[in-house]
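Trainee: I have a chain open on the screen and don't know where to start. Can you walk me through it?
Mentor: Put it up and ask as you go.

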Amino acid sequence: MRMKRKKNLDERIAAASDYLTIMKNSSLNYNDAPDENHIMDFEVLFENKNPVVLEVGSGKGQFGCTYAKQNPDKNILCVERNRNVLILAIDKAREMKLKNIRFLCGTAEYLPSYIKDNSIEEIYLNFSCPFPKNRHEAHRLTHPRFLNIFKKIIKNNGVICQKTDNMHFFEYSIEKFSSCGYKLSHISLDLHKSGFEGNIVTEYENKFASQGYPIYRLEARLS
């Protein structure tokens, strides 16, 4: 069910400039992205020189805000296109008085317009929409067009961490990561029974796990 539009959403978004950058692109043709230079200066954005990690599809901000609190020596940039949930994440970060988190409103297709090549330490894909219909395959965040974007912006020793409750999407992701030159490790078919330490539980993860669904997780690095 679609979330009801938040009251005074436009005004609240406009007042969030201390945490929020809004993409200026109107087209979803990601092939145009490299030609539109809006590269963010992370030292200016975060007011420090700490490493930057990226979450693509941050939702209400539970993962991003928790990560920021647990890792004060790192910065996290959270990308979310839905302004209705994005404002909740910003409110959470403000309430927690977090200094090392920022938000980027827009779509992953245009990340090359905003993020410098080889500048991201880690990328998190937490419960991305699986787009189960074949005709929507190109919208999956582990489709080669996105994996090639991530190749540009992540550092050579960087890692992509994916979590999902969808087995078919997970199998698809394993295939695409491998075919795009990524080396996989720490593959879990039931994360919560694996003994993995340091997991940050997201809103969706808590919902699915409480219903008995296994959580799938992997790490991918450029080989």
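**Strand 6 and its sheet**

Mentor: Start with one residue pair: isoleucine 123 stands opposite isoleucine 160 in strand 6. Keep in mind that this is a predicted model.

Trainee: Which residue in strand 8 does isoleucine 160 stand opposite?
Mentor: Alanine 220. Isoleucine 160 therefore has a partner in strand 8 as well as isoleucine 123, if you go by the pairing rule of DSSP bridges.

Trainee: How many bridges join strand 5 to strand 6, and do they run parallel or antiparallel?
Mentor: There are 6 bridges, and the two strands run parallel. Strand 5 covers residues 120–126. Another pair there is glutamate 122, whose bridge partner in strand 6 is valine 159.

Trainee: And strand 6 with strand 8, parallel or antiparallel?
Mentor: Antiparallel, with 5 bridges joining strand 6 to strand 8, residues 216–222.

Trainee: What holds strands together in general?
Mentor: Strands of a sheet pair through backbone hydrogen bonds, in either direction.

Trainee: Is strand 6 mostly covered or uncovered?
Mentor: Mostly covered: of its 11 residues, 154–164, 8 are buried.

Trainee: What is the strand order in the sheet?
Mentor: The order is 1-4-3-2-5-6-8-7, in an open sheet of 8 strands with mixed pairing. Strand 1 (20–22) and strand 7 (182–188) are the edges, each pairing on one side only. On average, neighbouring strands are turned by 20° against each other, direction ignored.

Trainee: Moving on to helices. Which strands does helix 6 touch?
Mentor: Helix 6 packs on the sheet and touches strands 2, 5, 6, 7 and 8. Its direction makes about 140° with that of strand 6. Helix 6, residues 144–153, also sits in a right-handed β-α-β unit with strand 5 and strand 6.

Trainee: What does helix 3 lie across?
Mentor: Helix 3, residues 62–70, lies across strand 2, strand 3, strand 4 and strand 5. Against strand 3 (75–80), helix 3 runs at about 175°.

Trainee: Now the whole chain. How many helices and strands?
Mentor: 8 helices and 8 strands.

Trainee: Why would you call the chain's radius of gyration in line with a compact globule?
Mentor: Because a compact globule with 223 residues would have a radius of gyration near 17 Å, and the protein chain has 17 Å. The C-alpha trace spans about 40 × 40 × 40 Å along its principal axes.

Trainee: How much of it is buried?
Mentor: 45% of the 223 residues count as buried. The exposed surface is about 11,900 Å², with carbon and sulfur atoms supplying 48% of it.

Key:
Residues are numbered from 1 along each chain as its sequence is written. This is a predicted model: local features need pLDDT of at least 70, side-chain atom pairs count only at pLDDT 80 or more; totals for chains, interfaces and linings use all residues. Side-chain values use heavy atoms; hydrogens and water are left out. Buried means under 20% relative accessible area, exposed over 50%, partly exposed in between (1.4 Å probe, protein chains only). Helices (H or I, at least four residues) and strands (E, at least two) are DSSP runs, numbered from the N terminus. A crossover is right-handed if, with the strands pointing away from the viewer, the path from the first strand over the helix to the second runs clockwise. Axes are lines fitted to C-alpha atoms, for helices over the stretch in contact, and angles run from 0 to 180 degrees between N-to-C directions. Contact means heavy atoms within 4.5 Å. The radius of gyration is taken over C-alpha atoms; the globule rule is 2.2 Å times the number of residues to the power 0.38. Accessible areas come from the Shrake-Rupley method with a 1.4 Å probe; for residues, only the protein chains shown count as cover.
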